Amino acid sequence: MNDSVSYHEAEDVSGPDPGEMDRSTALLRAALALSEHHELADVLALILTSARSLSRARYAALAVYDEHGAIEAFVHQGVDDAAASEVGAPPRGHGLLGELILAGGPIRLDDVRADPRFGGFPAHHPEMRTFLGVPVASSRHAYGNLYLGDKEGGRLFDEEDERLLGTLAAFAAAAIENVRLVEAERDLAAARERDRVRTEMLGRVIEAQEAERARVARDLHDEIGQSLTSVLLGLRLVEDSLSGPAPDVADCRQRTGEVRALVADALRQARTLAFDLRPTVLDDVGLVAAMRRLVEHIGARDAPAVDLALHGLDDDTRLAPDMETVVYRVVQEALTNVVRHAEASSASVVIARDGGWLRAVVEDDGRGFDVGVRRHPSLGVGGMRERAALVGGTLTIDSVEGRGTTVRLEVPVG
């Protein structure tokens, strides 16, 4: 239910007509109808319709309490919305209405104005004389109060009206309790589904992290490991040049130069690997500078030329750290795919901020692939999609064989 108080005319839901049957039968049919509804608005409307029909009252209203005993919803029939808006705010449970809350039982009046508890009607409120109020409660919980005013034909509410409305109120309490149980079950099911999705997503993120660690391990072994092995071999050759009875200084200098080149290459590889893992510029100065460095870094690898265009962003633009990381990683992965798989001659990156959205588009003129037929788990598409989903974004990929590939990322940035 809404936390704010609602004050509206409940739609007149079809109920039993006592003119066609005795009122006890109509009451039983109303109870059966209440048990068949599982939406609160429908239940409240049917309570009012049934109450008016059973008692032949011109006006009916129902106040529903929250867990603190305050009125959280107030619905009515017999007064249209225009008239109700002129009356103003719904009642807060003071005066005679508050007395019904305290009384815990029915209040029946032949002339509401003559009762000392009556505090007067607000401006524009329709005139009413007779009054019947009954609590809507079970043995465990009070759900609200049902109010009736002015029986048709100027007649008075009698004991039979009070008995019937009291019984209807008991059925109404059971119906409201059932609705709240259904709502609680829905909330619980939704919470379980959220937990399931969160757990599944966490599992995929962990898988992506493990895959990233495996890639780093391979790079360390295949590139830096081999370079360091070559360094060890070169140092052994230097040692051999110096260990003979007549040291070969010229050979030693040559070997030393080769080792120096190997060390420089290993250092370059280590820096490249560190940049791929987490560029410090992303933390230090943000996404824009990191993107420029990424494009420059790829351009230095004998890769396709990459153009970068930024719209609605400048060097001072900062986003939430997790948002910057997601955008950077997706663009980085897309460009890595261009370098490794696309056989492209050129590529472009466009990043634009428009209103509450940030869009990143990576395009290349490479060989492309048929996204409807072929699956390329090696391209890291699943990881990119998961990263986008973690921040409420979406990722789409368009590609045609021989006509390049376009990767689009959209994330909300508020």
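Buried residues account for 40% of the 414 residues in the protein, which is shown here as a predicted model. With the whole chain displayed and coloured by secondary structure, 10 helices and 11 strands can be located. Of the contacts in the protein with a separation of 6 or more, 67% are between residues 24 or more positions apart.

**First stop: R56**

Select R56, in the loop between α2 (40–55) and β2 (57–65). The backbone deserves attention here: R56 is not a glycine, yet its phi is positive, at about 60°. With a relative accessibility of 30%, R56 counts as partly exposed.

**Second stop: D150**

Move next to strand β6, residues 142–151, and pick out D150 within that strand. D150 is likewise a non-glycine residue, and its phi is positive at about 60°. Is D150 buried or exposed? Its relative accessible area is 12%, and the cut-off for burial is under 20%, so D150 is classed as buried.

**Third stop: helices α8 and α9**

Now select residues 287–299, which form helix α8, together with residues 321–342, which form helix α9. Two packed helices are described by the angle between their axes and by the distance between those axes. For α8 and α9 the angle is about 15° and the axes lie 11 Å apart. Angles under 35 degrees count as roughly parallel, and α8 and α9 are therefore roughly parallel to each other. The crossing of α8 past α9 is right-handed.

Show the side chains at this contact. Which residues of α8 take part? They are L287, A290, M291, L294 and I298. On the α9 side, the partners are E324, V327, Y328, V331, Q332, L335 and V339. By class, the residues of this contact comprise 10 nonpolar, 1 polar and 1 charged.

**Fourth stop: E363**

Finally, select strand β9, residues 357–364, and centre the view on E363. E363 has a relative accessible area of 36% and is partly exposed. To relate this position to another part of the chain, draw a C-alpha to C-alpha distance from E363 to V338: the two are 8.8 Å apart in space and 25 residues apart in sequence.

Then display the surroundings of E363. Leaving aside residues up to four places away in sequence, E363 touches S346, A347, S348, T405 and T406. Which of these residues has a side chain joined to that of E363 by a polar contact? The partner is T406, and the polar contact between the two side chains is 3.3 Å.

Methods:
Residues numbered from 1 in each chain as written. Predicted model: local features only at pLDDT ≥ 70, side-chain atom pairs only at ≥ 80, totals over all residues. Heavy atoms only, no water. Axes fitted to C-alpha atoms, helices over the stretch in contact; angles between N-to-C directions. Helix = DSSP H or I, 4+ residues; strand = E, 2+ residues; numbered from the N terminus. Parallel < 35°, antiparallel > 145°, perpendicular 65-115°, else oblique. Left-handed = near helix turned anticlockwise from the far one by under 90°. Contact = heavy atoms within 4.5 Å. Nonpolar A, V, L, I, M, F, W, Y, C, P; charged D, E, K, R; others polar. Buried < 20%, exposed > 50% of the residue type's maximum accessible area, 1.4 Å probe, protein only. Polar contact = N/O pair within 3.5 Å; in protein donor to acceptor, adjacent residues only side chain to side chain.
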